[in-house]
Amino acid sequence: LYSGNVDVFCLVSSDSDFTRLAMRLRESGKTVYGIGAKTTPKAFQNACDRFTYTEVLGEGMVTLEPGSTSVVASVKPAHDLDVPTVKAVITPAVTATARDDGWAHLGAVGHHVVNQHPSFDSRNYGFPKLGLLVRKQSFLEVKDVPLENGMTQVWVRLRAARQPAKKSTKKAAATRR
């Protein structure tokens, strides 16, 4: 830390004694990645810029079907992890990063999520990538925007809540009487 030639630290522990160290490193402007078991205290997880559970490391692989471009996820969800619901994490991130038309760039959403929930990892929910996770959420709309270089950007927005059908004005007036 004091030599000034290291920008990122990785703390591999599930011990809460490392919480203060992570906080000190971040106070010094360093990036801190934490890796530990699901039993790691939340204070240590939140003291890191990013925290990954050891339970999701190396559990699965992403494969491509022969002759296809669609990804097949073979990662098993870590159901026993104490993780917040996807909706509770993603909804505020989309709201905070959305443009006026409601669409938010997935990269900005992911960045916001990790800043708010350092232990968030799509693998906790059984998906190797955030893009695959958001595509399976019924509360989100997803669109791919092609770029000039042949790549695509992924954008998301919250689906509009369906409003109940309005009663006709004659029925409404009769109901009020």
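**Figure 1. Side-chain alternation along strand β2 in the predicted model.** In strand β2 (residues 31-36), successive side chains alternate between two faces. V32, G34 and G36 point to one face and are buried, whereas T31, Y33 and I35 point to the other face and are not buried.

**Figure 2. Parallel pairing of β1 with β2.** Five bridges connect strand β1 (residues 8-12) to β2 in the parallel sense. Within this pair, L11 stands opposite G34 of β2. Between the two strands, the chain passes through helix α1 (residues 19-27), and the resulting β-α-β crossover is right-handed.

**Figure 3. Parallel pairing of β2 with β3.** Strand β3 (residues 50-53) runs parallel to β2 and is joined to β2 by four bridges. Y33 faces its counterpart R50, which belongs to β3. The chain travels from β2 to β3 by way of helix α2 (residues 42-47), in a β-α-β crossover that is right-handed.

**Figure 4. The open antiparallel sheet β6-β8-β7.** Three strands make up this open sheet, and their pairing is antiparallel. Because β6 (104-105) and β7 (140-146) are edge strands with a single partner strand each, one side of each has no neighbour in the sheet. Seven bridges link β7 with strand β8 (residues 152-158) in the antiparallel sense. In this pair, P146 is positioned opposite T152 of β8.

**Figure 5. Helix α3 across the strands β6, β7 and β8.** Helix α3 (residues 86-97) lies across these three strands. The direction of helix α3 makes an angle of about 110° with β8.

Note on methods:
Residues are numbered from 1 along each chain as its sequence is written. This is a predicted model: local features need pLDDT of at least 70, side-chain atom pairs count only at pLDDT 80 or more; totals for chains, interfaces and linings use all residues. Side-chain values use heavy atoms; hydrogens and water are left out. Two strands pair if DSSP finds at least two bridges between them. Contact means heavy atoms within 4.5 Å. Axes are lines fitted to C-alpha atoms, for helices over the stretch in contact, and angles run from 0 to 180 degrees between N-to-C directions. Buried means under 20% relative accessible area, exposed over 50%, partly exposed in between (1.4 Å probe, protein chains only). A crossover is right-handed if, with the strands pointing away from the viewer, the path from the first strand over the helix to the second runs clockwise.
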